[in-house]
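Work through the exercises below with the sequence and the structure at hand. Each task is followed by a solution in steps.

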Amino acid sequence: MQTTTSHIKQGGMVLVICLIMLLLLTLTGLAAMQGSALQEKMAGNSRDSEHAFLAAEATLRDGEDLLAASGASLTFATDGSNGLYDKMASGATATDWRASGTVWRTASTISGIAETPRFYIERWPEIINKGKSLEADTPLETTIIYRVTASSVGQTGTSRAVLQSTFRR
């Protein structure tokens, strides 16, 4: 009985191929980890934006409630020294929520928000209600329009929401 054994010299190709496969699996795992980290950051920013929006909306309601409760007795000034701007008077200053000189009123404190939300109110010129009866000796009805601007940040202070509403009285 004759046995033949062939000793073919192997150059370690299996080891090289396994190392390449291991490298590819490692790169795939790293890419997946980076993707999930990015998604977590996006979810956190989205949550922070949502908190800022909800706080600004609550602040907007605070301003509207102030107008509804005591709108006629509020003192509006052309320079908005108390966060109440009078746009009816000549020489009224332009109001821009981004300007550092804008005077704001503080709203109710909301827990979980980085800064206290704030708002200001602008009183616009009176308008005549159209479509009403023009009976003799009856004065025309007028309406005063107010614009409420509210601003708030989220939990971290990196996102800001600014909302405006128009209020008729």
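**Exercise 1.** Find the salt bridge that E115 forms with R160, and state which parts of the chain the pair ties together.

*Solution.* Start with the distance: in this predicted model, the closest N and O atoms of E115 and R160 are 3.8 Å apart. The cut-off for a salt bridge is 4 Å, so the pair qualifies. Next, place the partners: E115 lies in the loop between β2 (105-106) and β3, and R160 in strand β7, so the bridge ties together parts that are 45 residues apart in sequence. Finally, check exposure: E115 has a relative accessible area of 41% and is partly exposed; R160, at 40%, also counts as partly exposed.

**Exercise 2.** Determine whether R123 and D86, which meet in a salt bridge, are buried or exposed, and locate them.

*Solution.* The side chains of R123 and D86 meet at 3.1 Å, N to O. R123 belongs to strand β3 and D86 to strand β1 (residues 84-86), so this contact links parts 37 residues apart in sequence. Both R123 and D86 are buried.

**Exercise 3.** Explain why R61 and E64 are separated by about one helical turn.

*Solution.* R61 and E64 are three residues apart in helix α1, which puts about one helical turn between them. An α-helix has 3.6 residues a turn, so residues three or four places apart point the same way. The two side chains form a salt bridge of 3.0 Å, N to O. As to burial, R61 is partly exposed with a relative accessible area of 38%, whereas E64 counts as buried at 14%; the limit for buried is under 20%.

**Exercise 4.** Test whether the span of helix α1 (residues 13-70) agrees with its number of residues.

*Solution.* Take 1.5 Å a residue: the 58 residues of α1 should span 86 Å. The end C-alpha atoms are 86 Å apart, so expectation and model agree. Then look at what touches the helix: its buried residues include G44, D48, A52 and L67, and the cover over the buried residues of α1 includes β3 (118-123), β6 (145-153) and β7 (160-168).

**Exercise 5.** Which residues form a nonpolar patch on the surface, and what is their accessible area together?

*Solution.* The patch consists of M13, V16, I17, I20, M21, L23, L24, L27, L30 and M33, with about 990 Å² together. Take M21 as an example: M21 lies in helix α1 and is partly exposed, with a relative accessible area of 48%.

Definitions and conventions. Residues are numbered from 1 along each chain as its sequence is written. This is a predicted model: local features need pLDDT of at least 70, side-chain atom pairs count only at pLDDT 80 or more; totals for chains, interfaces and linings use all residues. Side-chain values use heavy atoms; hydrogens and water are left out. Helices (H or I, at least four residues) and strands (E, at least two) are DSSP runs, numbered from the N terminus. The expected span of a helix is 1.5 Å times one less than its number of residues. Buried means under 20% relative accessible area, exposed over 50%, partly exposed in between (1.4 Å probe, protein chains only). Contact means heavy atoms within 4.5 Å. Patches are made of residues with over 30% relative accessible area and no salt bridge: like charges are joined within 9 Å, nonpolar side chains (Val, Leu, Ile, Met, Phe, Trp, Tyr) within 5 Å. Accessible areas come from the Shrake-Rupley method with a 1.4 Å probe; for residues, only the protein chains shown count as cover.
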